[in-house]
Amino acid sequence: MTRTVRPEDPFTDRQALVTGGGSGIGAALVRALVDAGAHVVVADLDELAAQRVADAAGATGPGTARALRLDVTDADAVRAAVDDVVARAGRIDLLFNNAGITFGGETEDLTPEHWDAIIDVNIRGVVHGVAAAYPHLVRQGRDGWGGHVVNTASMGGLMAAGLITSYVMTKHAVVGLSLALRTEAAAKNVGVTVLCPAAVETPILEKGHLGRFHGRDYYLKGQGVRRPLDPDVLAAEALAAVAADRPMLVTPRPARIAWRVGRLAPAFANRAATRFVAKQRRLQARRADRSGGRA
Ligand SMILES: NC(=O)c1ccc[n+]([C@@H]2O[C@H](COP(=O)([O-])OP(=O)(O)OC[C@H]3O[C@@H](n4cnc5c(N)ncnc54)[C@H](O)[C@@H]3O)[C@@H](O)[C@H]2O)c1
């Protein structure tokens, strides 16, 4: 059997956990899930942020939300969070491995601590979620729909341009994990979807800048989009992708086209990315000159 058993409605009264739910895309996913009737654990390192998101989403319903302080780099804590959902509700239906961090700048400026941090959150964080939830989903899948894993990767998981090299590495890993897992999960009635959006309007665009790196400029120009996606629009598209059991969500359209062209002509795409990196460096230097070296 290679087709997953799908429920008519994968959201109403389903049990969900969203990591990185306190901000940006995670918060939008929480809003969309609660709006669709799910019961959501809003898990984030930033407990106050998680609480704010849970309170706001829970106030409108029809689903519910509760906050949990969770560090996805802590395998035991992730397992405990997932097991707690199962203990309370009898099952877990939807796991969104969404927490992530980024570093932008020249790779020679990254310390071993930077590399460890991004691997720990962006790769190990997702692995911890899968290790904790997937056995439950497989078990549940013996009697019908087992549930769905949704991993937030990025366009950076499909295309490779420098100055965010460590981020690109981690997001390629998330795409590989997701697509491979999906092929074995299908026969166990478990779905897997990987989200690969271009720039989204969230605080991450201003985070993790080393040296002269400017995230907003980089992410927009690098992915051929004019303005960052609205996280609520992305969340709606993500839920539609889960409902349709799609392997990937690559959005918006210009990013999808760039990705397809890159697949057809990888050497061309790599030359274009090299030119893009050179252009970004020139822009960064000009910005630094204008601000008297403060940028
Ligand atoms: N915004 C974009 O342009 C964009 C594009 C593509 C993919 N993504 C991905 O989307 C995901 C969400 O990013 P966002 O844009 O909403 O960023 P964000 O910075 O707004 O939110 C990230 C959240 O993750 C939390 N977090 C960080 N480390 C954590 C940890 N160890 N444990 C638990 N929570 C932790 C933060 O506290 C924060 O609330 C990330 O995986 C990111 O790589 C973002």
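**Reading a predicted fold, feature by feature**

Guide: Arg 88 is exposed, its relative accessible area being 58%. The model that we are reading is predicted.

Visitor: How is such a percentage to be read, and does Asp 84 count as buried, partly exposed or exposed?

Guide: A residue counts as exposed over 50%, as buried under 20%, and as partly exposed in between. Asp 84, at 28% relative accessibility, is therefore partly exposed.

Visitor: Which interaction joins Arg 88 and Asp 84?

Guide: A salt bridge is a side-chain nitrogen of Lys or Arg within 4 Å of a carboxyl oxygen of Asp or Glu. Between Arg 88 and Asp 84 the closest N and O atoms are 2.9 Å apart, and the two residues form such a bridge. Because they stand four residues apart in helix α3, about one helical turn separates them. In total, the structure holds eleven salt bridges.

Visitor: Which salt bridge links distant parts of the chain?

Guide: Glu 106 and Arg 281 pair in a salt bridge, with 2.8 Å between the closest N and O atoms. Glu 106 belongs to the loop between β4 and α4, whereas Arg 281 belongs to helix α9, 175 residues apart. Glu 106 is partly exposed at 21% relative accessibility, and Arg 281 is also partly exposed, at 41%.

Visitor: What does the bridge between Glu 201 and Arg 216 tie together?

Guide: In this salt bridge the closest N and O atoms of Glu 201 and Arg 216 are 2.9 Å apart. Glu 201 is in the loop between β6 and α6 and Arg 216 is in helix α6, so parts 15 residues apart in sequence are tied together.

Visitor: Where should one look for the nonpolar interior?

Guide: In soluble globular proteins, nonpolar side chains tend to be buried together. Here the largest nonpolar core comprises 38 residues, and Leu 17, Leu 158 and Cys 196 have the most contacts inside it. Elements that each supply at least two residues of this core include β2, α3, α5 and β6. Helix α4 gives the largest share, eight residues.

Visitor: Which nonpolar residues make a patch on the surface?

Guide: Ile 257, Val 261 and Phe 268 make a nonpolar surface patch of about 250 Å². Ile 257, a residue of helix α8, is partly exposed at 43% relative accessibility.

Visitor: Which residues form a positive surface patch?

Guide: Lys 279, Arg 282, Arg 286 and Arg 290 form it. Arg 282 is located in helix α9 and, at 48% relative accessibility, is partly exposed.

Visitor: What should be checked along the backbone?

Guide: Most residues other than glycine have a negative phi, and most peptide bonds are trans. In this model, a cis peptide bond joins Gly 61 to Pro 62, with omega about 0°; Pro 62 sits in the loop between α2 and β3. Another cis bond, also with omega about 0°, joins Thr 251 and Pro 252, and Pro 252 is in the loop between β7 and α8.

Visitor: What is the phi of Asp 13, and what is that of Asp 245?

Guide: Asp 13, in the segment before β1, has a positive phi near 65°. Asp 245, in the loop between α7 and β7, has a positive phi of about 50°. Asp 13 is exposed at 52% relative accessibility, whereas Asp 245 is buried at 6%. Asp 245 also takes part in a network of salt bridges with Arg 6 and Arg 182.

Conventions. Residues numbered from 1 in each chain as written. Predicted model: local features only at pLDDT ≥ 70, side-chain atom pairs only at ≥ 80, totals over all residues. Heavy atoms only, no water. Patch = residues over 30% accessible without salt bridge, like charges linked within 9 Å, V, L, I, M, F, W, Y side chains within 5 Å. Areas by Shrake-Rupley, 256 points an atom, 1.4 Å probe, with all protein chains shown as cover. Lys, Arg positive; Asp, Glu negative; His and termini not counted. Charge placed at Lys NZ, Arg CZ, Asp CG, Glu CD. Buried < 20%, exposed > 50% of the residue type's maximum accessible area, 1.4 Å probe, protein only. Core = buried A, V, L, I, M, F, W, Y, C linked by side-chain atoms within 4.5 Å.
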